[in-house]
Each structure stands twice: as C-alpha cells, then as structure tokens.
Amino acid sequence: MRAVCRPWPPKAPFNLLIHCDRHRAERVWWVKSCPEYKDLVESSAAYRNTPFLIIGAGAAALGAASTLIDGGAKPLIVDKGRRPGGRVATQRPSRTSAHWFDTGAQYFTARDTEFRALVEEDVGRGTLTRWQPRVVVATARLETGFEQFTLHDSPDARERFIGPNGLKTWLAERLFELPAEMLPATRVERVWSEANSWRAQTTDGTTVEAARVLITTPPVQAEAMLGQTARAIDALASADRHMAGCQTVVVSAPAHPHFDAAFVHGAKLAWIADNASKYAQATGPTHYWTLHAGVDYSTQYIDAEPSDLAAELLEEFTAITGFERSRIEFVHGHRWRYARPSPSAPEPAEPPYAGLPDNGLALAGDWLAGGRIEGAWRSGVAAARALLDA
C-alpha cells in the first residue's frame with residue numbers, strides 16, 4: 001500500500017503511522033478526520049504480520065526498538081496512547097498555550113555508558129538539556145495541629161536532564177526518527193502463542209501475528225494480556241503489587257524567590273517543581289507547578305479523582321511555599337495508577353528483563369531495573385537483545 005506524502009499537522013488526534021515509500025526517512029501521520037483515513041481503514045485487512053511486535057511506546061520501547069533496528073529488524077510498535085510517551089508525559093493548559101508542564105517523570109539521569117552516549121548526542125543537537133534547579137528539602141513538622149515545614153538546601157547534586165519542550169516531546173521525536181511502523185491509539189487486549197508464533201488481539205478487532213513479542217507495559221497489564229502464559233513467568237507472580245501509584249496535581253502559582261523544586265518528607269506530597277524553571281526563556285508571571293503525592297498517600301487514595309484531592313494537596317503546597325492561597329489555581333490532575341516500582345517489585349537483575357525469550361516473548365520496563373527512565377531504556381535494550389539472540 002502506497003501513501004501520499006503530505007505535511008503532518010501538529011497537535012492533531014493522530015491515529016495511524018505508515019511508512020512512506022517515496023521518502024524512506026519520513027513518516028506520515030493520518031488524522032481520523034482526514035478523508036483519506038476512512039479509505040485507508042476500509043481497505044486495510046484486520047490482520048497484520050511482523051517479525052517483532054513491541055507493545056507500549058515509552059522509554060523501554062525506545063531502547064528496544066533502537067536495538068532491534070540496529071540488529072537489522074524492523075519492529076511494529078503498538079500503543080494505546082495517541083502519541084508515544086507512556087509515563088513520560090507533557091501537557092499544555094490549552095492547545096494555543098506556549099506553556100507546558102511535565103505531569104509524569106520530571107527529569108532523568110544518565111549513568112549507563114550506552115544511555116549516556118544517546119543523551120550526550122541529544123544534548124548536542126538541542127533536543128535535551130541539563131536542568132540545574134534550586135532544590136530544597138521540605139520536612140513536615142506538626143505544631144499546635146497546624147502543618148509546617150522546615151526548608152534546607154538539598155544535598156542531591158545529581159546531573160538532571162530534561163526536554164526543552166517537555167520530556168514527552170523528546171521521547172516522541174526519538175521514536176518518530178526510527179524506521180519503525182507504529183500503531184497509536186490501539187490497545188492490545190490479549191497475547192497468546194499459536195503455531196510457533198505469537199498472536200496479539202487489539203480492541204478494534206485487529207490480529208497481529210509476530211515471530212517475537214516484547215511487552216513494555218506495567219506488569220499487571222502484561223499479566224492480563226498473557227492470561228495463562230503469565231503463570232510461566234516468575235517476575236509476574238503478584239504482578240498487582242509490583243508498582244505503586246501517584247496522584248498528581250498541577251497548579252498555577254507565582255515563582256518562588258528561593259527554590260524551583262523541593263523533595264517533601266513526612267507529608268502527603270513527595271515532590272513539587274516549577275516547570276517554568278525548565279523553560280529556555282522566561283514566560284511571564286504565571287508558573288505551572290507539578291505536585292506529586294507520596295506513595296503512602298497515593299496508595300490510600302488511588303481510586304479518587306485528583307481534583308477531589310486538590311484542596312488538601314494545595315494546602316500543603318501553600319505551607320511549603322508560603323504563597324497566599326488566593327494566588328494558587330488548580331489547573332490539571334492525573335492519576336498514575338502504575339507510576340513507579342513498589343518495594344515488592346522484583347529485585348533488579350542483570351540483564352534487566354523477564355519473560356520467555358527462547359520462546360519469543362520478553363518483558364521490559366523500569367519495574368525490572370530499579371525504576372527511572374534510564375532503567376526502562378536499559379531494560380528495553382536487554383530484552384531486545386535476548387530476543388535477537390534467541
């Protein structure tokens with residue numbers, strides 16, 4: 001099937017990415033509202049075949065896809081989101097706003113030699129940058145029933161990397177550059193083996209046949225997809241306990257005169273950060289602060305809507321910052337049900353992947369590598385290598 005090349009419209013509800021025969025280095029995004037989209041869907045059989053299927057399009061998928069391509073394979077990446085990213089998430093208060101805020105991962109580190117090389121390359125071309133915020137530690141103390149905080153400079157001097165247009169923009173652009181086919185807005189419902197290959201069934205009725213499958217979703221979702229097969233994978237035992245959630249609220253508030261971010265101890269919140277400190281240029285008086293609740297609080301209220309928790313999280317935010325409540329406005333909330341590895345996650349192993357690679361199935365994700373974007377990427381690389389070697 002040959003696609004006609006035409007400009008890709010940004011910020012549109014993308015649905016299908018197909019390889020462009022005329023320009024091999026480009027990808028063409030077809031939009032649901034386009035007339036061509038209906039014709040394309042009607043002419044496409046509900047069956048696909050690929051040598052390598054990657055489920056999920058986050059940091060682990062980036063590491064996996066890059067490794068497979070370097071090994072001479074062309075993977076198909078399927079993701080339920082309209083754009084890649086996973087828990088690397090960036091939002092804007094409106095479609096026309098120049099402001100943005102990271103609602104998922106706030107930054108990442110680069111200690112692994114291979115990952116470091118990728119990061120340095122992207123720093124050199126301007127798609128990543130170092131972030132040097134003024135960071136404090138806010139420790140809660142209760143006095144006469146009113147929560148107060150003691151602030152002191154954080155001893156954490158780690159090197160932090162961010163995307164100058166948000167982390168999700170960086171990760172998505174990295175994936176778009178790969179010569180891989182992608183199916184966004186497509187949820188995989190079931191994965192099973194059949195006749196020496198694997199099948200994946202999507203909620204829209206498409207069946208994908210693959211020689212090898214790499215699943216990068218949170219473990220509880222991988223377990224649900226695999227059904228009985230999950231019982232043969234030790235890492236999926238008690239999968240529902242391997243990851244902890246995070247309730248996130250974004251507010252507009254002033255800049256703080258003394259700090260840009262804070263680790264919060266002994267309170268409902270665990271982290272607050274002024275996203276404007278990540279911008280290349282000053283953007284005016286409005287600053288968007290990301291507030292991440294801690295593990296215990298998020299676990300207790302994981303079924304609540306973030307907007308319902310905003311009042312008490314904002315109360316804590318005002319106690320930390322000293323801002324007047326009238327100057328703080330709720331902007332956005334997100335419930336990350338599977339945000340980070342929990343204490344019951346499998347101990348990180350080397351290489352950091354799981355599954356049945358000899359049978360063509362592998363699992364990857366930060367939950368197998370001690371957390372962090374770097375861990376997810378390393379896990380994806382390791383899982384892809386195991387499948388290539390099988």
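In this predicted model, Glu374 is a buried residue, with a relative accessible area of 2%. Its partner in a salt bridge is Arg372, and the closest N and O atoms of the two are 3.0 Å apart. Arg372, in contrast to the buried Glu374, is partly exposed, at a relative accessible area of 41%.

From this pair the view may widen to the chain as a whole. The protein chain contains 8 helices and 21 strands. It has 390 residues, of which 53% count as buried. Among its contacts between residues at least 6 apart in sequence, 68% join residues at least 24 apart. The average pLDDT of the chain is 88, and 87% of the residues score at least 70. Residues 1-45 have a pLDDT below 50; in the model this stretch nevertheless has 73 contacts beyond near neighbours in sequence.

The interior comes next. In soluble globular proteins, nonpolar side chains tend to be buried together. Here the largest nonpolar core has 40 residues. Those with the most contacts inside this core are Ile54, Ile77, Phe108, Phe115, Val119, Trp170 and Leu214. Several elements contribute: strand S3 (47-55), helix H2 (59-70), helix H3, helix H4 (167-177) and helix H8 each supply at least two residues. The largest share, 8 residues, comes from H2. A second core, separate from this one, has 28 residues and includes Leu53, Val191, Leu356 and Leu363. Within the largest core, Val119 is one of the residues with the most contacts. Leaving aside residues up to four places away in sequence, Val119 touches Phe108, Ala110, Leu128 and Phe161.

Aromatic residues deserve separate attention. A pair of aromatic rings is described by the distance of the centres and the angle of the planes. Across the whole structure, a search finds 14 aromatic pairs. One of them joins Phe115 and Trp377, whose ring centres are 5.1 Å apart and whose planes meet at 45°, a tilted arrangement. This pair links distant parts of the chain, since Phe115 belongs to helix H3 (residues 113-125) and Trp377 to helix H8 (residues 373-389), 262 residues apart. Phe115 has a relative accessible area of 0% and is therefore buried. Trp377 also counts as buried, at 8% relative accessibility. The two rings are part of a cluster in which ring pairs link Phe108, Phe115, Phe161, Trp170 and Trp377. Rings are also met by charged side chains. Arg160 lies over the face of Tyr107, at 4.8 Å from the ring centre, and Arg190 lies over the face of Trp192, at 3.9 Å from the ring centre.

Charged residues also pair with one another. Side chains of opposite charge can pair when their charged atoms come close. The structure has 23 salt bridges. In one of them Arg378 is joined to Asp112, with the closest N and O atoms 3.6 Å apart. Arg378 lies in helix H8, whereas Asp112 lies in the loop between strand S6 (101-102) and H3, so this salt bridge ties together parts that are 266 residues apart in sequence. Helices H3 and H8 are thus named again, having already appeared as the elements that hold Phe115 and Trp377.

A further salt bridge joins Arg130 and Glu120, whose closest N and O atoms are 3.0 Å apart. Arg130 is in strand S7 (residues 129-131) and Glu120 is in helix H3, 10 residues apart. Arg130 counts as partly exposed, at 35% relative accessibility, and Glu120 is likewise partly exposed, at 31%. Salt bridges can also join into a network, as they do among Glu121, Asp122, Arg125, Arg174 and Glu177.

The last stop is a loop. Ser238 is placed in the loop between helix H5 (219-226) and strand S15 (243-253). With a relative accessible area of 39%, Ser238 is partly exposed. Ser238 and Pro346 are 108 residues apart in sequence, and in space their C-alpha atoms are 10.0 Å apart.

Terms used. Residues are numbered from 1 along each chain as its sequence is written. This is a predicted model: local features need pLDDT of at least 70, side-chain atom pairs count only at pLDDT 80 or more; totals for chains, interfaces and linings use all residues. Side-chain values use heavy atoms; hydrogens and water are left out. Rings of Phe, Tyr and Trp (its six-membered ring) pair if their centres lie within 6.5 Å; planes under 30 degrees apart count as stacked, over 60 as edge-to-face and the rest as tilted. Helices (H or I, at least four residues) and strands (E, at least two) are DSSP runs, numbered from the N terminus. Buried means under 20% relative accessible area, exposed over 50%, partly exposed in between (1.4 Å probe, protein chains only). A charge sits over a ring if NZ of Lys or CZ of Arg is within 6 Å of the ring centre and within 35 degrees of the ring normal. A salt bridge is a side-chain nitrogen of Lys or Arg within 4 Å of a carboxyl oxygen of Asp or Glu. A nonpolar core is a set of buried Ala, Val, Leu, Ile, Met, Phe, Trp, Tyr and Cys residues joined through side-chain atoms within 4.5 Å. Contact means heavy atoms within 4.5 Å. pLDDT is the predictor's confidence in each residue, from 0 to 100.
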